[in-house]
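Have the sequence and the 3D view open side by side as you read. We will walk through the fold one piece at a time.

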Amino acid sequence: MTIAFNQLAPRMEVIQPFHVMSLLGRAKELEQQGRDIIHLEVGEPDFATPPAILEAAMQALRLGDTQYTPSLGLMSLRQAVADFYQQHFSVNISASQVVITPGASGALLLITGALIGRGDAVMLADPGYPCNQNFVRFVDGEVQAIAVDESSQYQLTAEIIAKNWQENTKAVLIASPANPTGTIVAEDEMLKIIDLLREKQAYLIVDEIYQGLVYDNEPYCALKPGDITNIGVQSNDKSHVIIVNSFSKYFQMTGWRIGWCIVPEHLLDSCERLSQNLFLATPTLSQKAALAAFLPETLEILEQRRELFKQRRDYLYPKLLDLGFKIPVKPQGAFYMYCDCSTLTDNSMTFAHDLLEQTGLAITPGIDFGQNKPQSYVRLTYTKDISVLEQAVQRLEQFLT
Ligand SMILES: Cc1ncc(COP(=O)(O)O)c(C=O)c1O
């Protein structure tokens, strides 16, 4: 018997590849030919994982600490995460609500797996982090991608959510700060959204993976108790709010594949059963390492690096405007600039490819972030030293003239 290769699951027809990967492939080819390539396309910090985290991992290896952990994670790490929320965001959660996962990606898989079934819709913003749509599709849910623009800081608002509500909307997914725009949902708007979804009896999933990387305001957690008198919200009940976070970005541990989610008690059993079956557990070495992520010496380094990211943003933002890109909302967090290039090109994909070929500068075309005018946008990351960003700006200048 021969199995026909067209017998893949129907979901494979709707799960898109990352288009930037073909660009990255070409960039690597050019590098092998000896070209000097500046990579502003990949969404990960350029800094190495801080030393105390590395040392904690090496110590675990020396001790032979390599067996599975409990599926929801080491209790000491779950407690450390809960303590971090208490100390930094005044959020009171119990360690049992913290689920350690293989990255925010693992958390998103658990949550969509636990909540979304065939016919359930998840509302999210377009542009947005592309994998989110694919998680929903992977569990046969319906993606409700809402086109957003500068008028709402490229984010969903309570008003937009209410206007687009469908009977089958089961959850709303928000990333703040967002990828690719770096914009934040203001705290009072977040409270309105929480209030609306309580009323609708739907879940709010808040992806706070870039939480620590904010440059103008203090970071906050959507679970933070709100001022209910101030903006007229009706209750502080947040048992429909799920937080996703990760050690990848602020803690600079992308390759360690470790993150977490904070779930209401009633979802714990489902998350545990899914985690047991899908992952068994998050890598032990990464969990041992992450225990050192909250040490004062680590946080001090991370805060210094946050300041460097801020300086890079403040360097790159006006330069891109001078070059003719439009960035209607100055990014407040993460390390991305989502630039409207419509006065420079009518096809951002060709623009990105030509830029790479002619100047060796790699950036991401808008097509990777959704269907909302992708041809008019490109994303640049500022995960490089200012001296490299200066060269990138020179290459752009040269390309555009
Ligand atoms: C908004 C957002 N969420 C989730 C992820 C997944 O992160 P990880 O699985 O590395 O924690 C990313 C990665 O770029 C992201 O940008």
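The paragraphs below visit the sheets, two loop residues, the helix pairs and the ligand shell. Keep in mind from the start that this is a predicted model.

Let's begin with a sheet. Seven strands make it up, and the sheet is open, with the order β2-β8-β7-β6-β5-β3-β4 and mixed pairing. Which strands stand at the edges? They are β2 (98-101) and β4 (142-147), and each has a single partner strand, so one side of each is left without a neighbour in the sheet. As you step from one strand to the next, the twist averages 20°. A helix also lies against this sheet: α5 (residues 130-138) packs on it and touches β3 (121-126), β4 and β5 (169-175). The direction of α5 makes about 155° with that of β4.

Now look at strand β8, residues 259-262. On one side, β8 pairs with β7 (residues 241-246) in the antiparallel sense, over four bridges. Two of the partnerships can be picked out by eye: S246 has G259 of β8 as its bridge partner, and V244 has C261 of β8. β8 also pairs with β2, again in the antiparallel sense and over four bridges. Here V99 has C261 as its bridge partner in β8. So much for the backbone; which way do the residues of β8 point? G259 and C261 point one way, W260 and I262 point the other way, and all are buried.

Next, follow the chain into the loop between β7 and β8, where you will find W256. Is W256 buried or exposed? A residue counts as buried if 20 or more other C-beta atoms lie within 10 Å of its own. W256 has 24 C-beta neighbours inside 10 Å, so W256 counts as buried. Setting aside the neighbours within four places in sequence, W256 is in contact with F247, S286 and A289. Try finding T49 too: W256 and T49 are 207 residues apart in sequence, yet their C-alpha atoms are 9.5 Å apart in space.

A second loop residue is worth a stop. Q211 sits in the loop between β6 (203-207) and β7. Q211 has 24 C-beta neighbours inside 10 Å and therefore counts as buried. Beyond the neighbours within four places in sequence, the contacts of Q211 are P219, C221, N245 and Y250. For another look at sequence and space, take Q211 and L196: they are 15 residues apart in sequence and 23 Å apart in space, C-alpha to C-alpha.

There is also an open sheet of three strands, in the order β9-β12-β11, and its pairing is antiparallel. Its edge strands are β9 (336-340) and β11 (364-365), each of which pairs on one side only. β11 and β12 (residues 377-381) pair over two bridges. In β12, R379 is the bridge partner of T364.

Let's turn to helices that meet one another. Two packed helices are described by the angle between their axes and the distance between the axes. Take α11 (residues 348-359) and α12 (residues 386-400): their axes come within 10 Å and cross at roughly 105°. α11 and α12 are therefore roughly perpendicular to each other. Where they meet, L355, Q358 and T359 of α11 face R395, Q398 and F399 of α12 in contact. By class, this contact has two nonpolar, three polar and one charged residues.

Helix α11 has a meeting with α1 (residues 20-32) as well: the axes of α1 and α11 come within 10 Å and cross at roughly 10°. α1 and α11 are therefore roughly parallel to each other. The contact is made by L23, R26 and A27 on the α1 side and by A352, H353 and L356 on the α11 side. Four nonpolar, one polar and one charged residues make up this contact.

Our last stop is the ligand. Which residues come nearest to the ligand? Of the 13 residues around it, these are G103, A104, S105, S246 and S248. You have already met S246, whose bridge partner in β8 is G259. The largest share of the shell, three residues, comes from helix α4 (residues 103-115). Sorted by class, the shell has four nonpolar, eight polar and one charged residues.

Key:
Residues numbered from 1 in each chain as written. Predicted model: local features only at pLDDT ≥ 70, side-chain atom pairs only at ≥ 80, totals over all residues. Near = placed C-beta within 6 Å. Nonpolar A, V, L, I, M, F, W, Y, C, P; charged D, E, K, R; others polar. Pairing = 2+ DSSP bridges. Axes fitted to C-alpha atoms, helices over the stretch in contact; angles between N-to-C directions. Contact = placed C-beta atoms within 7 Å. Buried ≥ 20, exposed ≤ 12 C-beta atoms within 10 Å, placed from the backbone. Parallel < 35°, antiparallel > 145°, perpendicular 65-115°, else oblique.
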